[in-house]
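Here are a few short exercises to work through with the model open beside you. Try each task before you read its solution.

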Amino acid sequence: MTRGTLPGIGEVARGKWVGTRVTRLEDPRVLLGDARYVADLTLPRMLHVAFVRSIHPHARIVGIDASEAVAADGVRAVVTGADLDAHPLEDTAVHPTLPKTPQPALASDRVLWAGEAVAAVVAASAHAAEDAAERVRVDYEPLQPVHDIDSALAQGAPVLHGHLGSNVLITDRRSSGDVEEAFAEASRIFERRTHTNRLSAAPLETRGCLVDFERSSGHMTVWSSTQTPDLLRWTLASVLDHPHHRIRAVAPDVGGGFGPKMSTYPEEVVVAALARRLGRPVRWIEDRRESLLTLNHSKEQVIDLEIAVRSDGRMLGMRARYFSDSGAYSFNSATALIEPQLAAGLMPGLYDVQAYEYELTAVMTNKTPIGPYRGVGWTSGHTARELLLDEIARELDLDPAELRRLNMIRADMLPYRSATGLEYDSGSYEESLARALDEADYEGFRREQARGRDEGRHLGVGISPYVEPTAFGTEIGEQSGYPYSSHDNATVTVDPAGKVRIAVGVCSQGQGHSTTFAQLVGDALGVRVDDVEVVAGDTERAPFGLGTYASRGAVIGGGALALAAGDVRTKLLRVAAEMLEASPADLEIEDSRVAVRGSPEAALGLEDVAGAAYLDPAVRIDGEEPLLSSTRFYDPRATFSNGCFVAIVEVDLDTGGVTLRRFTAVEDCGTVLNPMIVEGQVRGAVAQGVGAALLEHLVYDDEAQLITTTFSDYLLPTASDVPSISVAHIETPSPVTVGGIKGMGESGLLASPAAIVNAVLDAIGPHDPAKVELPLTPERVLRLAGRI
Amino acid sequence: MKTIPVAFAVNGEPVEVSVEPRKTLADTLREDLGLVGTKLGCEHGACGACNVLLDGHAVRSCLLLGVQAEGAAIETVEGLGRDGELTRLQRAFRDHHALQCGFCTPGFLISVTEYLRDVDAPSEEEIREALSGNLCRCTGYQGIVEAVSSLLGEEEAP
């Protein structure tokens, strides 16, 4: 085993496990049907909740008559906004000028989107609750809704939140470098408006929660399909005026998160309030229609981007305006501001453009609130920029790969401070582009494309190099315009039998944390991965943490674990040295045996060392605590992953259908803990990008009614829509994080829509770029190609 | 509401339950028999998470009523493994990283069980077509396709 061979602040030991394709420790229980998601949990005397939701996008509530529902079979209670014991939810972002839009858990005076909950029915079964919910009569006085950015900003538009004075939540401007001069010097100025489609992260498991309340102690246990149990606990304590230490929040098995399960939702507040009021367990499981209507929506923005370009294709400057279609409330824990702000912050991307100015506007509309989904803001900004780059390449008759290479931040410029203040620590930008072109056989493809054209086949290629901000610690939060304290904590304990228990604040929604963390600690302590038990997602069993989002698990959770495991290892070696009469520096641990290096006969089982550490005062030095445990905190410096995607498509110009022929990914996330899991993250996120580019769209009509509320209308990609995705790895360890680890969960969705859309446009050939609408459905493809 | 007695077999065991005539087979399995391994992802027949084998055929248990199971032999994910040991199919899913959050996995295992029984030597495109009745939001499907491919042409039951 080698130790400390990887650069970085702190070490990650690389022995048997780190960097290898360990199959997942969590798989058998899922495969055998033993996994337990919140809908699988039941408690004695459990009651069920169904919500009454507004049918109007904007209305005054004149009255609610629940008498018929209250009298229905099996119904225990009906609660409305007027009699709910809860404060409104507010976003908790620490931002100096961001106004609040308090969101009642149940609307009482007015509704601001179709789907907003106005009452909750509690009954003996979910069926009875749903039946009774239909009998709650709500008398509405409909008001004019605003269904998009234009109608929200129009003169005389109805205003959603009176205290804002308009439908603008916030505007922000920033300028860096000499933008005037860059645009004056340019030989051409290119511009495009990109309207990115509204998406649902659509995890296969919908939301849901079960709350138990013990009357004698006031203790509340909340099981929820959440990414952030500690934040859920904190928020519930605050809005319910409930003692924080009398709430336990648990994320059991969670069936996918992807961002939207970060926030605390009104339904969680209502269910907890009902459990407390009734003194009985209460459960609510969202159905799919509710999910498409009420899980936060994502990524819809209108972005006007101008790029000033020299005649050789070198970009000199950028100007951009961002308008986000934020929905009815600035959502708690993740606000209406993050979508446009993160798009704006990353617009220069991995290109060397220092002259950049932007203005962003977060616009409130009578729609489902917008919130995070894998690659918040970055997907939309990246797509807008990369679409314009392909237009520039076509106009200047440059190869799109060459245009990108020409403008890229060179290896000798790293570390690099972007125009918006992001500090790229390290990367392999040019190398990733070159490798991706090579892996995709770009030159060969261009020949195939030309031959295909002669045969009436329409092939196209899209190239999408990216940089991905990861590891949301305090520093990257500040660089992104969100100053907040973003660390996490981990505990490593070796028990008296020599087995290991680790507890982390970053819980899993399926990413495989139990495996990657066991690998990391397995190498640090010289034990097998199945001797490591991972605890997470429970505020009573794991240390406080901010949860899992923004590609922070491996960097922050892994970093804290590496530090804690280092402490425990030091102590173990000190005890073993005492027992073996050797120096700690001469000892190594492998397969749970501590041995003197070079003398394997002088060895002890880890259980003997651990047992002695706990129970034999003779091995302890004065004042030393017997517990073999360490809890460490980690708040990493900013670190950035990078890579490049190449999509190759064929378009049928009779049907408008798009077939993805090949998809090549090159990714560089620094030190790779488990390549199999990294590849799974890339492929899964790219599949979501296939949906974003070609299929998925939350469609509202002009009356602000969502008309895509089933999986027959909101189309997720199937196995036939997603191609085989090759993934190649480059490892450029971060110089600033523990073990050189970088995050990598979001790049697939950040950069693949641009690759796919550009490939389709390349295949279509000459078209009017102003008419590109996303997603590229068959009808839109045919329109762009002038076939209909 | 009135209930109707229904008798059928689940994972080889005879069962008798009395269910409301409107209750789906999925809810009957999950609520009345405690077989919560079968998942509900959409309840409108689009996602396949609730697939079970009914007389050997993969069906959407959210689109069938419990009373329709009368006399049938049902198999669920709980019946696939033997004494807590993974089957070859389940091992292939693990070895090819064919699952992440696992919510869709029971439905895929059921669909693939039927598919492998009936298929000879399909192309990758045909495998993808066969899998397209089940939605997965995590994996991008590649691991699932590879797991299925790895089991083709083998004599032993998966």
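**Exercise 1: two residues with positive phi**

Tyr141(B) counts as buried, because it has 29 C-beta neighbours inside 10 Å. Keep in mind that this is a predicted model.

Task: find where Tyr141(B) sits in chain B, then decide whether Asp397(A) is buried or exposed.

Solution. Step one: Tyr141(B) belongs to the loop between α4 (124–131) and α5 (142–150) of chain B. Its phi is near 75°, a positive value in a residue other than glycine. Step two: Asp397(A) lies in the loop between α10 and α11 of chain A, with a positive phi near 55°. Step three: the cut-off for exposed is 12 or fewer neighbours; Asp397(A) has 7 C-beta neighbours inside 10 Å, so Asp397(A) counts as exposed.

**Exercise 2: cis peptide bonds**

Task: work out which loop holds Pro415(A) and which holds Pro775(A).

Solution. Start with the bond joining Leu414(A) and Pro415(A), which is cis with omega about -5°. Pro415(A) is in the loop between α11 (400–407) and β16 (416–417) of chain A. Next, take the cis bond from Leu774(A) to Pro775(A), where omega is near -5°. Pro775(A) falls in the loop between α19 (747–764) and α20 (778–784) of chain A. As background, most peptide bonds are trans.

**Exercise 3: partners of a strand**

Task: trace how strand β2 (residues 59–65) of chain A pairs with β6 (residues 137–142) of chain A.

Solution. First, the two strands run antiparallel and are joined by six bridges. Then look for Asp65(A), whose bridge partner in β6(A) is Arg137(A). Finally, β2(A) also pairs antiparallel with β4 (residues 110–111) of chain A over two bridges, with Val111(A) as the partner of Ala59(A).

Terms used. Residues are numbered from 1 along each chain as its sequence is written. Chains are lettered from A and ligands numbered from 1 in the order in which they are written. This is a predicted model: local features need pLDDT of at least 70, side-chain atom pairs count only at pLDDT 80 or more; totals for chains, interfaces and linings use all residues. Two strands pair if DSSP finds at least two bridges between them. Helices (H or I, at least four residues) and strands (E, at least two) are DSSP runs, numbered from the N terminus. A residue is buried if 20 or more other C-beta atoms lie within 10 Å of its own, exposed if 12 or fewer, and partly exposed in between; C-beta atoms are placed from the backbone.
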